[in-house]
Amino acid sequence: MGQTKKVVIITYYWPPAGGPGVQRWLKFVKYLPDFGVQPIVYVPENPTYPILDEGLLNEVSDKAIILKNKIFEPYQLAGIFSKKQTQKISSGIIPAAKKQSFLEKLLLWIRGNLFIPDARKYWVNPSVVYLKKYIQENNIDTIVTSGPPHSLHLIGLKLKEELGVKWFADFRDPWTTIGYHKALKLSSYADKKHKQLESKVLTNADTIIVTSKTTKTEFQALTNKPIEVITNGYDLENISKQTLDDKFTMAHIGSFLSDRNPNALWEALHELVSENEKFATHFQLKLIGKISQEIVESISQFQLDAYCNNLGYVSHTEALEHQRKSQVLLLIEIDSEETKSIIPGKLFEYMVSERPIIAIGPKDSDFAEIITSTNTGVFFTYSEKDRLKKTILAYFELFLENKLQVHPVGLQQYSRKNLTEKLVSILNN
């Protein structure tokens, strides 16, 4: 084993932040020391996180060096006149355009047009000053920036320009092609500015890291820099064995956004509870996480309220427990061209929970391929109501016989430790 390589990782989401944004680098940092890399994690000291999960603090590697620096976020000001709406928008729950209040429209316009690329832009300059000194004093030659928020890539851009460090830009989500980008009511100036900044990052970073093949293809049209795909993954957490729910539970775990509203699913379930008395007796829809108002209204519209158990946000550990004891897991992505590249982080946790997955999303989604190749569930487009209904019924029959299970194949490639090994080989290139 050679000398330990020191890498500065610049990320916004870090425990006690909850939600999916924190998991990727929390896990990389956990395993990097096993491969001879010393992680130095730079995070905001006083962030405005929309979701908190104190339990994740226990998962931070004791081998990591954590650097903190104060951040000014306009959300702190916006919260004065509407804490609830500001928090909803900052956590990605954007109401459908026709249902937005004047205040929500205003907040979205401000977010998209005045804070480019995002509301964390004021952290860029203080971070460059702080990190420049630290990097020089500690002889560090490699940095990683993780976005969103994509303003963190601008920290990488300036450090690259001023110090010539080797810079890896990690995109957990795309930038200008992400689903909610269009919802920000961008002026043509703002839209152009976003694209210019994205282009600057993509052409100046030494290597781009993305989470899906489709994002890689999109970015290849914008840069000739090397682009590596490292998906998210699963960690073998110490979750005690769970007893399966007595009810035929179909669980959706994670934020259920307005645009992820699968009418085909609600319709299929409405028909099943109306036509099949046995199904109506055993069925329960379990919702865990932040749920948008539109989803709640659709469930009501299809008369499924009586079957719905809305548990709200729970800790990551509890979410993992629910994944293992629910009968069927629901994975739903927005039905649009832009979201084909999104591979939800929870997919990998779902896959190792050994419960069948019913996934709904756009045709040719990257995650459809993963579910099919690992034999962990069935994928549907938004229009396949009849096939969806048949599959739910088939799962229900197996549930009644106590035979509902899956037999996954090839999951090892998605373990966080294996993915970290791949990351290290890229960092060492």
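Four bridges join β11 to strand β12 (residues 357-360), and the two run parallel. This is a predicted model, and β11 is a good place to enter it. Within that pairing, Leu 330 of β11 has Ile 358 of β12 as its bridge partner. The connection between the two strands passes through helix α12 (residues 346-352), and β11, α12 and β12 form a right-handed β-α-β unit.

β11 also pairs with strand β8 (residues 248-253). Three bridges link β8 to β11, again in parallel. Here His 252 stands opposite Leu 330. Leu 330 thus appears in both pairings: His 252 faces Leu 330 from β8, and Ile 358 partners Leu 330 from β12.

How many residues of β11 (residues 328-332) are buried? Five of its five are, and the strand is mostly covered. The cover extends to both faces. Val 328, Leu 330 and Ile 332 are buried on one side. Leu 329 and Leu 331 are buried on the other.

Now turn to the open sheet of seven strands. Its order is β3-β2-β1-β4-β5-β6-β7, and the pairing is parallel. The edges are β3 (65-69) and β7 (227-229), each of which pairs on one side only. Neighbouring strands in this sheet are turned by 20° against each other on average, direction ignored. Strands of a sheet pair through backbone hydrogen bonds.

Start with β1 (residues 5-10) and β2 (residues 37-44). They pair in the parallel sense over six bridges. Val 8 has Ile 40 in β2 as its bridge partner.

Further along the order comes β5 (residues 166-171). Five of its six residues are buried, so the strand is largely enclosed by the rest of the structure. What pairs with β5? On one side, β4 (residues 142-147) joins β5 in parallel over six bridges. Val 144 stands opposite Phe 168 in β5. The chain crosses from β4 to β5 through helix α5 (residues 151-163), and this β-α-β crossover is right-handed. β5 also pairs with β6 (residues 207-210), through four bridges and in parallel. There, Phe 171 stands opposite Val 210 in β6.

Helices pack against this part of the sheet. Helix α6 (residues 188-204) lies across β5 and β6, running at about 130° to β5. Helix α7 (residues 213-220) touches β5, β6 and β7, and its direction makes about 170° with that of β7.

Helix α15 (residues 416-427) shows how burial can be arranged around an axis. The helix has 12 residues and reaches 16 Å from its first C-alpha to its last, close to the 16 Å expected at 1.5 Å a residue. Which residues of α15 are buried? They are Arg 416, Leu 419, Thr 420, Leu 423, Val 424, Ile 426 and Leu 427. Seen down the axis of α15, these buried residues fall within an arc of 155°, so they line one face of the helix.

Last comes a loop residue. Where is Ser 255 found? The residue sits in the loop between β8 and α8 (263-275). Ser 255 has 21% relative accessibility, so it counts as partly exposed, since buried means under 20%. Leaving aside residues up to four places away in sequence, Ser 255 touches Arg 260 and Lys 290. Ser 101 lies 154 residues from Ser 255 along the chain, and their C-alpha atoms are separated by 21 Å.

Notes:
Residues are numbered from 1 along each chain as its sequence is written. This is a predicted model: local features need pLDDT of at least 70, side-chain atom pairs count only at pLDDT 80 or more; totals for chains, interfaces and linings use all residues. Side-chain values use heavy atoms; hydrogens and water are left out. Buried means under 20% relative accessible area, exposed over 50%, partly exposed in between (1.4 Å probe, protein chains only). Two strands pair if DSSP finds at least two bridges between them. A crossover is right-handed if, with the strands pointing away from the viewer, the path from the first strand over the helix to the second runs clockwise. Axes are lines fitted to C-alpha atoms, for helices over the stretch in contact, and angles run from 0 to 180 degrees between N-to-C directions. Contact means heavy atoms within 4.5 Å. The expected span of a helix is 1.5 Å times one less than its number of residues. The arc is that of the directions from the helix axis to the C-beta atoms.
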